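User: Please take one local part of this chain and look at it closely. Then work outward and show how the surroundings are built.

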Amino acid sequence: MYEYHQKLSDHMEGVLGTLDDGLYVTDKEGMTLHVNSSYERLTGLKAVELVGKNVRDLLDEGTFNAIVNPQVIEKREPVTELQVLGNGKRVVLRGTPVFNEYKEIALVVTTVRDVTLMGQMREQIKEQKKLLSIYHEHIESITTSNKDGESPYSSNQRDEIADLVKRVATTDAIILLLGETGVGKDWFARMAHESSLRKDQVFLKVDCGSISETLIESELFGYAPGAFTGANRQGKMGHFEMAHKGTIFLDEIGELPMPMQAKLLRVLQDQEVVRVGSSTPKKVDVRIIAATNRNLEAEVEKGNFRIDLYYRLRVAVVDIPPLRENPEMIPGLIYHFLERFNRKYKKEVTCHPESMRIFMAYRWPGNIRELENATQSLVVTCQGNEIDPDDLAPCMQAAYYQQRIQPEEASGTGSVPFPEAEAMQAGLFDMSGKTLKQAVLEYERQVIQKTIDQLGSVTKASAALGINRTTLFRKMREETLKN
């Protein structure tokens, strides 16, 4: 056993020199016993300048501004501290006590790490996570795509647009998707990628409206080593380089600041990018799909969008109509979203036929995205296993039930099913012997009762009459008490 210990002792300095971290060893009084080669390389200080000196004296001399030995001795446990060296370099110290057989502290071993290097490692990890996220999203889009080729977004008009996108996708032409927020531009962009020759490569979506003006250039085009304070020492790839050989989807391109529009134009024309802080162009091979909910022609006239970029983008233009113009899509979308959210929340919620008719009557200003969020909310909040009309928002119910009260049945007001003229003619509205207030109350009672009888529900009646349920119940209760 002694022989093995002796062999290890003979080579201990060499063993400590193999460590990547700097190592600083003192006794319990703070006398420097050893520093390894990694410490010398990391700090610029040499072993001959330190060994045999007390760390307190080195602190007083200004060799560094902080030590951990006294705290380690006092606490008898590891201590971490930030240290600034005399040359301005910053390092992190981690001092750990080493105990002898009597449980007394014999040594303090301090590992030393470069803060700058740690920051670079964090940046590299962040970049790796971003790349993993991109590839995970790409893989997910492949694995979740509908195997039978059918889509919940189907309608005659929508299918014609899909056919156009698929035809254009086989080329490398720029695709410009136009339409209101929530109409499904993302879906068409992904479909274009999956129908292209680049379908096995990365599909990278960039939301141009969510990146600040100060960061968008470095995010899109990357930056060179040391381009600015805090930059990664190795530099950084931008989105265009990440999407090399694949497809980049520039969502909300109408939000791009004017300076960035000029730089993007160069990418479209020359298929090359220049990193921030560099003058060397790098060739990139990417398919570009752009989308916006803005009227780009109007933005050009206002001076908010470059006319040359606008015409460069107008190669294959796809105008996607809002959901209100394609109500036949709604049932397929509802069933699709119900299936997804039932699976997610482990529920078995279905949609009542009357609720489906209400869904189809609503105008959906937020389009497919609003429908998706509404379905998710209903699956989560629905008390039973069926979405009943009463579960729907009052604005949806009102839109539907107002449509059911036809003008020829409603006297031209479009809001109540029993106007005065019709009521009088039917002998139901008799003014004789009544004050105006009494006559109005009588008429109001008949309208409420008739509406409830027609629609079969207090909720539906309140929506059709444009009053809330509480008011309707109060009026009914007053009439009951009067009788």
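Analyst: Two strands count as paired if DSSP finds at least two bridges between them. With that cut-off, start at strands β3 and β4. The model is predicted.

Strand β3 covers residues 79-84 and strand β4 covers residues 90-99; six bridges join them, and they run antiparallel. One residue pair fixes the register in view: threonine 80 stands opposite arginine 94 in β4. The two strands form a hairpin, with five residues between them. Glycine 88 sits in that turn and has a positive phi of about 90°.

Now look at the loops around the hairpin. Arginine 76 is found in the loop between α6 (69-75) and β3. Its phi is near 60°, a positive value in a residue other than glycine. Arginine 76 has a relative accessible area of 42%, so it counts as partly exposed. Lysine 103 is found in the loop between β4 and β5 (105-114). Lysine 103 also is not a glycine, yet has a positive phi of about 65°. Its relative accessibility is 62%, so lysine 103 counts as exposed.

The hairpin belongs to a sheet. Five strands form this open sheet in the order β2-β1-β5-β4-β3, with antiparallel pairing. β2 (32-35) and β3 are the edge strands, and each pairs on one side only. Neighbouring strands here are turned by 25° against each other on average, direction ignored. Further along the order, strand β1 (residues 22-27) runs antiparallel to β5, and six bridges join them. Leucine 23 has threonine 111 in β5 as its bridge partner.

Pairing sense is the point to carry forward. Strands of a sheet pair through backbone hydrogen bonds, either parallel or antiparallel. The parallel case appears in another sheet. Its five strands form an open sheet in the order β7-β8-β11-β6-β12, and the pairing is parallel. β7 (203-207) and β12 (316-319) stand at the edges with a single partner strand each, so one side of each is left without a neighbour in the sheet. On average, neighbouring strands of this sheet are turned by 20° against each other, direction ignored.

Take the β12 edge. Strand β6 (residues 175-178) pairs with β12 in the parallel sense over four bridges. There, isoleucine 175 has alanine 316 in β12 as its bridge partner. Helix α8 (residues 156-169) lies across β6, β11 (287-292) and β12. The helix runs at about 160° to β12.

Next, the packing. In soluble globular proteins, nonpolar side chains tend to be buried together. The largest nonpolar core here has 34 residues. Leu220, Phe240, Ile248, Leu250, Leu264, Ile288 and Leu313 touch the most other members. Helix α12 (residues 258-270) gives the most to this core, with five residues. Another core lies apart from it, with 26 residues, among them Tyr362, Ala374, Leu378 and Val379.

Leucine 220 shows one set of contacts. Not counting residues up to four places away in sequence, leucine 220 touches Val206, Gly238, His239, Phe240, Leu250 and Met260.

Two helices meet here. Helix α10 (residues 213-221) packs with α12 at an angle of about 10°, their axes 11 Å apart. That angle makes α10 roughly parallel to α12. From α10, Ile216, Glu217, Leu220 and Phe221 meet Met260, Lys263, Leu264 and Val267 in α12.

Stay in α12 for one more residue. Leucine 268 lies in this helix. Its relative accessible area is 7%, so leucine 268 is buried. Leaving aside neighbours within four places in sequence, leucine 268 is in contact with Ile174, Ile288, Leu309, Arg312 and Leu313. Leucine 268 and leucine 313 are 45 residues apart in sequence but 8.6 Å apart in space, C-alpha to C-alpha.

Last, the whole chain. The protein has 23 helices and 14 strands. Of its 483 residues, 41% count as buried. Among contacts with a separation of 6 or more, residues 24 or more positions apart account for 63%. The protein exposes about 26,600 Å², and carbon and sulfur atoms supply 52% of it.

Terms used: Residues numbered from 1 in each chain as written. Predicted model: local features only at pLDDT ≥ 70, side-chain atom pairs only at ≥ 80, totals over all residues. Heavy atoms only, no water. Axes fitted to C-alpha atoms, helices over the stretch in contact; angles between N-to-C directions. Contact = heavy atoms within 4.5 Å. Core = buried A, V, L, I, M, F, W, Y, C linked by side-chain atoms within 4.5 Å. Buried < 20%, exposed > 50% of the residue type's maximum accessible area, 1.4 Å probe, protein only. Areas by Shrake-Rupley, 256 points an atom, 1.4 Å probe, with all protein chains shown as cover. Parallel < 35°, antiparallel > 145°, perpendicular 65-115°, else oblique.
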